[in-house]
Amino acid sequence: MSEDGDRQWSRYYDKTGAHPPRRTLLFALDRFDAEASSDGARFAADLGCGNGRDTIELLRRCWHVLAIDAEPAAIEGLRARNDLPEGWEARLETRVSRFEAVELPEGLDLVNSSFALPLVPAPAFPDMWDGLVASLRPGGRVSCQLFGDRDSWVGDTTITFFTRGGAEALVNPLEVELFEEEEDDSTTPRGTVKHWHLFHIVARKPE
Ligand SMILES: C[S@@+](CC[C@H](N)C(=O)[O-])C[C@H]1O[C@@H](n2cnc3c(N)ncnc32)[C@H](O)[C@@H]1O
């Protein structure tokens, strides 16, 4: 049983909100920085943003962010952070919603979803993924984790799991810039021992 079912996200936010941004986000941001032109504002969606571990990094770098989370406590926590950069209010839009129910704006530079994208039932995943890819501008990126089929949460029907081949097939229409598989036994931020099987992904939509 996953922790999502326990609806104890507030404890998770307390433990992780002040942690540094996820490596997948930083990898994607480095790629944007390495590209020659930076003409105007950049727009990202952060799906399952929690209380802003990644959103705040985007705001610090002057991105505009649509931050979505199903839990009101996440969005409240994000908006109440005391480390928001100057001018954040004009650059942050928030929604309390399941992200698979949101039609993302077109032309996004980045869709980031750290440890949240698989938290939809498998029947809803394909449409959600197609909508995500459609929302990216050519040259836009997705940075995310997927859960693998040896994760100890397998069997939870609220979560989507992928074989390595399935994850590769999902992202291969994009230009894959990072694809790392991880298996590890550890304790979650909320104290549950679990076997993680993850794919860390950054991919770029072809021009
Ligand atoms: C594991 S936390 C990750 C939070 C943050 N992205 C991070 O990296 O620390 C997952 C977050 O996704 C949210 N979430 C889970 N399923 C969701 C869904 N289908 N739609 C919107 N938010 C969801 C939860 O409320 C939670 O805040």
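# Ligand site and selected residues

Q: Where does the ligand sit?
A: The ligand sits in the largest pocket, a term that applies because, on a 1 Å grid over the protein atoms alone, a pocket is an open set of points with protein on both sides within 12 Å along at least five of seven lines, and a molecule sits in it if more than half of its atoms lie within 2 Å of its grid points. This is a predicted model, in which local features need pLDDT of at least 70 and side-chain atom pairs count only at pLDDT 80 or more, while totals for chains, interfaces and linings use all residues. Residues are numbered from 1 along each chain as its sequence is written, and side-chain values use heavy atoms, with hydrogens and water left out.

Q: Which of the 20 residues around the ligand come nearest?
A: Tyr13, Gly48, Asp69, Phe99 and Glu100 come nearest among the 20 residues around the ligand, where a residue counts as near if one of its heavy atoms lies within 4 Å of the molecule. Helix H1 (residues 9-16) supplies the largest share of this shell, three residues; helices (H or I, at least four residues) and strands (E, at least two) are DSSP runs numbered from the N terminus.

Q: What makes up the shell around the ligand by class?
A: The shell has ten nonpolar, four polar and six charged residues, with Ala, Val, Leu, Ile, Met, Phe, Trp, Tyr, Cys and Pro counted as nonpolar, Asp, Glu, Lys and Arg as charged, and the others, Gly among them, as polar.

Q: How do you know that the side chain of glutamate 100 has an N or O atom in polar contact with a nitrogen atom of the ligand?
A: The two atoms are 2.9 Å apart, and a polar contact is a pair of N or O atoms within 3.5 Å (within protein, one must be able to donate a hydrogen and the other to accept it, and residues adjacent in sequence count only if both atoms are side-chain atoms), so the pair qualifies. Arginine 22 places a polar side-chain atom 2.9 Å from an oxygen atom of the ligand, and tyrosine 12 has a side-chain N or O atom 3.3 Å from a ligand oxygen. Taken alone the ligand exposes 600 Å², of which the protein buries 97%, by the Shrake-Rupley method with a 1.4 Å probe (for residues, only the protein chains shown count as cover).

Q: Why is glutamine 145 called buried?
A: Glutamine 145, which is placed in strand S5, has 2% relative accessibility and therefore counts as buried, given that buried means under 20% relative accessible area, exposed over 50%, and partly exposed in between (1.4 Å probe, protein chains only). Its side chain makes a polar contact of 3.1 Å with the side chain of histidine 200 and reaches the backbone nitrogen of phenylalanine 115 at 2.9 Å.

Q: What makes the phi of phenylalanine 115 worth a remark?
A: Phenylalanine 115 has a positive phi of about 55° although it is not a glycine. Most residues other than glycine have a negative phi. Phenylalanine 115 is found in the loop between strand S4 (108-113) and H6, and its relative accessible area is 19%, so it is classed as buried.

Q: Why does cysteine 62 count as exposed?
A: Cysteine 62 counts as exposed because its relative accessibility is 51%. The residue is placed in the loop between helix H3 (55-60) and strand S2 (64-69), and its phi, near 70°, is a positive value in a residue other than glycine.

Q: What makes aspartate 156 buried and aspartate 149 partly exposed?
A: Aspartate 156 has 9% relative accessibility and so counts as buried, whereas aspartate 149, at 35%, counts as partly exposed. Aspartate 156 is found in the loop between strand S5 (136-148) and strand S6 (161-162), and aspartate 149 is placed in the loop between S5 and S6. The side chains of aspartate 156 and threonine 158 are joined by a polar contact of 2.6 Å.

Q: Why is arginine 60 called partly exposed?
A: Arginine 60, which lies in helix H3, has a relative accessible area of 42% and is therefore partly exposed. Its C-alpha atom is separated by 22 Å from that of arginine 137, 77 residues apart along the chain.

Key: On a 1 Å grid over the protein atoms alone, a cavity is a set of points where a 1.4 Å probe fits but cannot get out, and a pocket is an open set with protein on both sides within 12 Å along at least five of seven lines; lining residues have an atom within 4 Å of a point.
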